[in-house]
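How is a chain like this one put together, and what holds the attention when it is read from one end to the other? The report below takes the parts in turn and then the whole.

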Amino acid sequence: MIRPVVEWPEAVLLTATEPWNFDHPQLDIDQLEQDLVDTMLAQQALGLAANQIGDSVSVFAMHLRTNDQCIVLYNPEIVTTSIEQWRH
């Protein structure tokens, strides 16, 4: 289902998200994934975080245009950074 995208400075965007709990999921996992992907594609975006559709959990969807697939990541962490840029 396509959901409204939350606008700045809504509280859900200003606070840290909760880690996704795989043992006791906070939300219906299938519905969350579908809503993230549907909303992201409707916005023609490359990515969309759960808090951008009002759910304060550490989950985001990403559209991989090189092979036209969408993936959903749970509890992502940035482990390294670089000044290099990748271009396709």
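Helices, of at least four residues, and strands, of at least two, are taken here as DSSP runs and are numbered from the N terminus. The model is a predicted one, and its protein chain holds two helices and three strands, which follow one another from the N terminus in the order α-α-β-β-β.

The second helix, α2, covers residues 29-42. At 1.5 Å a residue, its 14 residues should span 20 Å, and because the C-alpha atoms at its ends are 20 Å apart, the expected and the modelled lengths agree. At the N-terminal end, Asp 28 acts as a cap, with a side-chain oxygen placed 3.0 Å from the backbone nitrogen of Asp 30. After the helix comes Gln 44, which has a positive phi, near 55°.

Several residues of α2 are buried, namely Leu 32, Asp 35, Leu 36, Val 37, Thr 39 and Met 40. An α-helix has 3.6 residues a turn, so residues three or four places apart point the same way. The cover over the buried residues of α2 includes the three strands listed here.

| Strand | Extent |
|---|---|
| β1 | residues 47-49 |
| β2 | residues 59-64 |
| β3 | residues 69-74 |

These strands form an open sheet in the order β1-β2-β3, and their pairing is antiparallel. Since β1 and β3 stand at the edges and have a single partner strand each, one side of each is left without a neighbour in the sheet. Neighbouring strands are turned by 15° against each other on average, with direction ignored. Between β2 and β3 the antiparallel pairing extends over six bridges, and Ala 61 is found opposite Val 72 in β3. Helix α2 packs on this sheet, where it touches β1, β2 and β3, and its direction makes about 45° with that of β2.

Turning to the chain as a whole, its C-alpha atoms fill a box of roughly 35 × 30 × 30 Å along the principal axes. Of the 88 residues, 24% are buried, while the accessible surface comes to about 6600 Å², with 53% of that surface belonging to carbon and sulfur atoms. Among contacts in the chain with a separation of 6 or more, 48% are accounted for by residues 24 or more positions apart.

Definitions and conventions:
Residues numbered from 1 in each chain as written. Predicted model: local features only at pLDDT ≥ 70, side-chain atom pairs only at ≥ 80, totals over all residues. Heavy atoms only, no water. Expected span 1.5 Å × (residues − 1). Buried < 20%, exposed > 50% of the residue type's maximum accessible area, 1.4 Å probe, protein only. Contact = heavy atoms within 4.5 Å. Polar contact = N/O pair within 3.5 Å; in protein donor to acceptor, adjacent residues only side chain to side chain. Pairing = 2+ DSSP bridges. Axes fitted to C-alpha atoms, helices over the stretch in contact; angles between N-to-C directions. Areas by Shrake-Rupley, 256 points an atom, 1.4 Å probe, with all protein chains shown as cover.
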